[in-house]
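Below is a colleague's note on the model, set out as numbered points to be read beside the sequence and the coordinates.

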Amino acid sequence: MELEPSVRPGEAEQFARVWSRVTPEEIPGSAVQLVVHEPPAVLEPLLPLGEESEGEGDALRRYIVRELQGWKSFQALAGSGAGSTPLKSCGAEELRHAKRLSAVYFLISGVRYLPVERAAGSRWSSREQGLRAMFQASQRAELEYRRAAEETRDPALSSLYLELSREEAVHLARIRLVLEETL
């Protein structure tokens, strides 16, 4: 089996010197094919938040509050029992979602919006009922982000919404696994 180490342009000579010191010549098959990878072409970044993102403010504020409430709810559900780690991860991701959406909102409007005080965790009659409610909330969020990605004219917002939709789908899988462990 031949190794194909990856080196940057200009490092080939240095690699060859080091390799010759650490690889004895008498070992058969010790020749290494050197593959030099050019840095990727610079992609033009998506320049979001221009005219295409006007009118997104109300939806962004609604998404931010929903993500903050999800953060608090996952924290309340996590506790310290079975399945606490994946639920804490979901909560941390919900907070990160809120912050990402808040940054986009700021870039569009110039207004800082992250109303943590409006984030009230939900209460349920049982942990299982809470998991069910959070599963349903994540389903709605996943669907709403997919729809928003299709409807927005801003390519960067569409990309963000699709990413958030995929992360909500991960939350669905985690919640289901926690339920499978606890029921």
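1. Leaving aside neighbours within four places in sequence, histidine 97 is in contact with Glu67, Leu164, Glu167, Glu168 and His171. Histidine 97 itself belongs to helix α3, and because its relative accessibility is 0%, under the 20% limit, histidine 97 counts as buried. The model is a predicted one, and the contacts listed here should be read as those of a prediction.

2. As to the overall layout, the protein has five helices and two strands, and from the N terminus on its elements run in the order β-α-β-α-α-α-α. Buried residues make up 36% of the 183 residues. Among the contacts with a separation of 6 or more, 80% are between residues 24 or more positions apart. The protein exposes about 11600 Å², of which carbon and sulfur atoms supply 53%.

3. Which residues touch the most other members of the largest nonpolar core? They are Leu60, Tyr63, Leu68, Leu101, Tyr145 and Tyr161, out of the 22 residues that this core holds. Helices α2, α3, α4 and α5 each supply at least two residues of the core, and the largest share, seven residues, comes from α2. In soluble globular proteins, nonpolar side chains tend to be buried together.

4. Tyrosine 63, one of the core residues just named, can be followed through its own contacts. Apart from neighbours within four places in sequence, tyrosine 63 is in contact with Leu101, Glu144, Tyr145, Ala148 and Tyr161. Of these partners, Leu101, Tyr145 and Tyr161 are also listed among the core residues that touch the most other members. There is, in addition, a second, separate core of ten residues, which includes Ala78, Leu87, Val178 and Leu179.

5. Helix α4, residues 127-151, has 25 residues and reaches 36 Å from its first C-alpha to its last, close to the 36 Å expected at 1.5 Å a residue. Its buried residues are Gly130, Leu131, Met134, Ser138, Ala141, Glu142, Tyr145, Ala148 and Ala149. An α-helix has 3.6 residues a turn, so residues three or four places apart point the same way. What covers the buried residues of α4 includes α2 (57-78), α3 (84-109) and α5 (155-182).

6. Where is the largest pocket lined, and by which elements? Helices α2 and α4 are the elements that give two or more residues to its lining, and α4 gives the largest share, seven residues. About 240 Å³ of space lies in this pocket. Of the 15 residues that line the largest pocket, the closest to its centre are Arg66, Gly70, Met134, Ala137 and Arg140. Met134 thus appears twice in this note, as a buried residue of α4 and as one of the lining residues closest to the centre of the pocket.

7. For helix α2, the 22 residues should span 32 Å at 1.5 Å a residue, and the end C-alpha atoms are 31 Å apart, which agrees. Just after α2, glycine 79 takes a positive phi of about 50 degrees, a backbone value that a reviewer may wish to look at in the displayed model.

8. Three partly exposed residues may be taken together. Threonine 182 is found in helix α5 and, because its relative accessibility is 25%, counts as partly exposed. Not counting residues up to four places away in sequence, threonine 182 touches Ala82, Arg127 and Leu131, and Leu131 is one of the buried residues of α4. Threonine 182 and glycine 81 are 101 residues apart in sequence, while their C-alpha atoms are 9.6 Å apart in space.

9. The remaining two of these residues are in helix α3, where isoleucine 108 and serine 89 both have their place. Isoleucine 108 has a relative accessible area of 27% and is therefore partly exposed, and serine 89, at 29% relative accessibility, likewise counts as partly exposed. From C-alpha to C-alpha, isoleucine 108 is 9.5 Å from glycine 55, although 53 residues separate them in sequence. Serine 89 and tryptophan 71 are 18 residues apart in sequence, with 9.6 Å between their C-alpha atoms.

Technical notes
Residues are numbered from 1 along each chain as its sequence is written. This is a predicted model: local features need pLDDT of at least 70, side-chain atom pairs count only at pLDDT 80 or more; totals for chains, interfaces and linings use all residues. Side-chain values use heavy atoms; hydrogens and water are left out. Helices (H or I, at least four residues) and strands (E, at least two) are DSSP runs, numbered from the N terminus. The expected span of a helix is 1.5 Å times one less than its number of residues. Buried means under 20% relative accessible area, exposed over 50%, partly exposed in between (1.4 Å probe, protein chains only). Contact means heavy atoms within 4.5 Å. Accessible areas come from the Shrake-Rupley method with a 1.4 Å probe; for residues, only the protein chains shown count as cover. A nonpolar core is a set of buried Ala, Val, Leu, Ile, Met, Phe, Trp, Tyr and Cys residues joined through side-chain atoms within 4.5 Å. On a 1 Å grid over the protein atoms alone, a cavity is a set of points where a 1.4 Å probe fits but cannot get out, and a pocket is an open set with protein on both sides within 12 Å along at least five of seven lines; lining residues have an atom within 4 Å of a point. Grid points are joined across faces, edges and corners, and a volume is the space filled by probe spheres set on the points.
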